[in-house]
Amino acid sequence: MAKKPQIAADTRPWRDPSAKPFVRISNVTKKFGDVYAVADVSLDIYKGELFCLLGGSGSGKSTLLRMLAGFEEPTSGKIEIDGQDMTGVAPYNRPVNMMFQSYALFPHMNVEQNIAYGLKRDHLPKAEIADRVAELLSLVKLQDYGKRRPDQLSGGQRQRVALARSLAKRPKLLLLDEPLGALDKKLREETQFELVKIQETLGVTFIVVTHDQEEAMSLATRIGVMNYGEIAMIGEPTDIYEFPNSKFVAGFIGSVNMVEGVVTEDEADHVRIRSAELGCDIFVGHGVDCAPNQILWWAIRPEKIALSRERPEGDANVTKGLVEDIGYLGDMSVYQILLDSGKRLRVTQTNTVRGNPDAITWDEPVFCTWHNDAGSVLTV
Amino acid sequence: MRRGWFLPTMAILGFVFLYAPIISLVVFSFNESKLVTVWSGFSTKWYGELFADPQMLGAAWLSLRIAAVSATIALVLGTLCAIALVRFRRFRGRTVLSGMVSAPLVMPDVITGLSLLLLFVGMESILGWPAGRGMLTIILAHSTFCMAYVCVVVQSRLADFDMSLEEAAMDLGATPARVFFDITLPIIAPALVSGWLLGFTLSLDDLVIASFVSGPGSSTLPMVIFSKVKLGVSPDVNALATIIIGIVALGVFAATIFQLRSRPKKARA
C-alpha cells in the first residue's frame, strides 16, 4: 500500500504509539438475550478528538455510546475514561455528558432552566449558574430565547439548546447521538461547521454516533465504521474513503465500483489482476498481500475513472464500454457505462467547461481508464 | 358543502338526553312545593332544610372524607403499579399483575362488594383487624377498585413518556429519586390529577360496594339518599344533588384549566 504523508503526531495522537488514550474501550461486548449488540470492540480515543461512530441501524453504534454514558453495562470488557475504570459507575457519577437524538429537552422547563439543570445538581451558587447559562446561550446564539419553552422553539433551536445543556457541566467527554439527524439538509450543513467550531473552541472530546456518512466525513478526525456490532475499520476520513480495508467498508462509504478478479502476477512492486467482469487486466502499482491465482476484489471510486473517446496507451487499466445513461448534477455528471461483460461502471466527471458541446453523450462508445494506484485491492 | 340539519339536530338531541334530567333536577331544587313534580314557585327553603338535617350533612361529610382518602391511596398505589407495569418490561408475575389490576374495572360491583365483605369478616375473625365495619373498610374497598382506574390512566401516560428525558436528567447528575421528582412526576402530573379526580368521583358515587362493607353509623351519602328515596323523593335531595353537581363541575373546570396550562403551548410566531 502506498505510504501516506506523515503529519506531526502532536495533532494526530493516534499516530503516536506512546500517546495515552483518553477513552479506552477494551474488548467490550454487550449481549441482549442471545443477540450480540456489540461484539468484542476495542477502541482508543484521544483527547480533543471528534470521533465518529458510523454504521447502519442495528450496527451497535448507539449501544456502544450508551455504554459510555452508563445507561448500559457491558456484558464483558472494560471502559476507561481519563484513566478511570467506569465499571459500575452510575450515569450521574460519570465525567461524561450526552446529547440525545430526540434532544430530550425537559418540556416543563424553559430554555434557561433546561441548561441550568445539571449545574443545579452540582449545587453551584446561583450567580455562577446564571453566568454560565448566559455564556452558553451566547455560545449557541440563543441569547433572546432563555425564557421560552422547548415547544416554542424550532428544530434547529432545540438542537442548540440540547447542545448547550450537554456542555453546561463542562464535561471532558461529550457523547452525541445523531446530533444533526432531525434537521433538514441545509440546516444540517450549517450546524455541522458550528459543531466543529464549538468543539475546537472548547477542546472537548466528542464522540458522535451517526448513520450519515457525509456527516461523519466532514466532522470527524477519525471514523469507526461499525457493522453487526463489530468495528469494521478505524481511520481518518481519507483512509476510510481511499483505503478501505474490506468490501463492506468500501461499499458503505460513498459509491464504488467493485469487480472480482484473479491474481495473475504477484510481485513485490506490482500486482496484475485479470478481471473477466471488467474485460481487462488491472495493473496495481504496489505490492499486495496475496497469492497467485487468488480470487479477490478490486474497488474503485467513480471519480477515479477517466473517460475518453480515443484508446489510451497501455495493455492494462483500460476497458471499453457504451454510455448507457448520464445523470447531470450540475457540478458533475454521473455516467453509467455498460461494459461488454454486462457489468455497469459508474463514472463521475466534473463539469469544468460550461455547457460543453463536446461532452461525451448517450450511446457513445468510450474507453474507461484509471491510474495504477486508483483502486483498492480487497481480500475480505 | 351545505351544512346539513341532521348532525346539529342529533347533537342537540344528544345533549338534551344527557343534560335534561340534570337541569330539571337543578330547577326543581328551587321549587316551593313539597311535591317534587309540581312547580309552585321559586324558593330556597329546601337548601335551608338540607343544612338543618344532621343525618344528610354527616353522610355528605363522611362521603367526601372517604372519597378524598381513598382517591389519594389509590393514586399512590395505582401510580406505583403503572410504573411497574410500564417500566419493568419483564418480571415474574407481570401478566398476572396486569390482568388482576384491570379486573376490578369489569367486575360487577355486587361481586366486588360481597367478596370484600367476606374478606373483612374473615380478617376480623382471624387477625382481629379491621375491627367491625365502618369508614375504614369503605376506604379500603374504594381504594382497591379506584386503584385500577388510576393505574390505567397513568399507564397510558407513562407509555408515551420519552425515556430519554429521564436518562438526560440522570446524565446531568440527578440520582434516580431526583429524576422521579424533577422530571417524571411533573410530566405525568396531568394524568395523576385526572386519576385522582376519577377515583374521587367513583368513590363519592359508589352505593353498592359501600352498602356491603359499611357498618352501623357509617352510611355514606349515596346510601342515605337511596334509603330516603325509597320512602318517596323529598325535595331536599334535589338541593343536595344540585350542590354536588356544583362541586363536581367546579372540580372538572379546575382540572381542565390545570391541564390546559400544563399542556405544551403552541409556538408563537
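Visitor: How many residues does each chain bring to the contact between chain B and chain A?
Guide: Chain B gives 19 residues and chain A gives 20, where residues are in contact if their C-beta atoms, placed from the backbone, lie within 7 Å. On the chain B side, α7(B) gives the most, with 7 residues. A word on the basics: this is a predicted model, where local features need pLDDT of at least 70, side-chain atom pairs count only at pLDDT 80 or more, and totals for chains, interfaces and linings use all residues. Residues are numbered from 1 along each chain as its sequence is written, with chains lettered from A and ligands numbered from 1 in the order in which they are written.

Visitor: What makes α4(B) roughly perpendicular to α6(B)?
Guide: Their axes cross at roughly 110°, and angles of 65 to 115 degrees count as roughly perpendicular, so that is the name for this pair. The axes also come within 8 Å.

Visitor: Why is K141(A) called exposed?
Guide: K141(A) has 12 other C-beta atoms within 10 Å. A residue is exposed if that count is 12 or fewer, buried if 20 or more, and partly exposed in between, so K141(A) is exposed. You'll find K141(A) in the loop between α3 and α4 of chain A.

Visitor: And is N317(A) buried or exposed?
Guide: N317(A) has 22 C-beta neighbours inside 10 Å, so it counts as buried. N317(A) sits in the loop between β15 and β16 of chain A, and its phi is near 60°, a positive value in a residue other than glycine.

Definitions and conventions: Axes fitted to C-alpha atoms, helices over the stretch in contact; angles between N-to-C directions. Helix = DSSP H or I, 4+ residues; strand = E, 2+ residues; numbered from the N terminus. Parallel < 35°, antiparallel > 145°, perpendicular 65-115°, else oblique. Contact = placed C-beta atoms within 7 Å.
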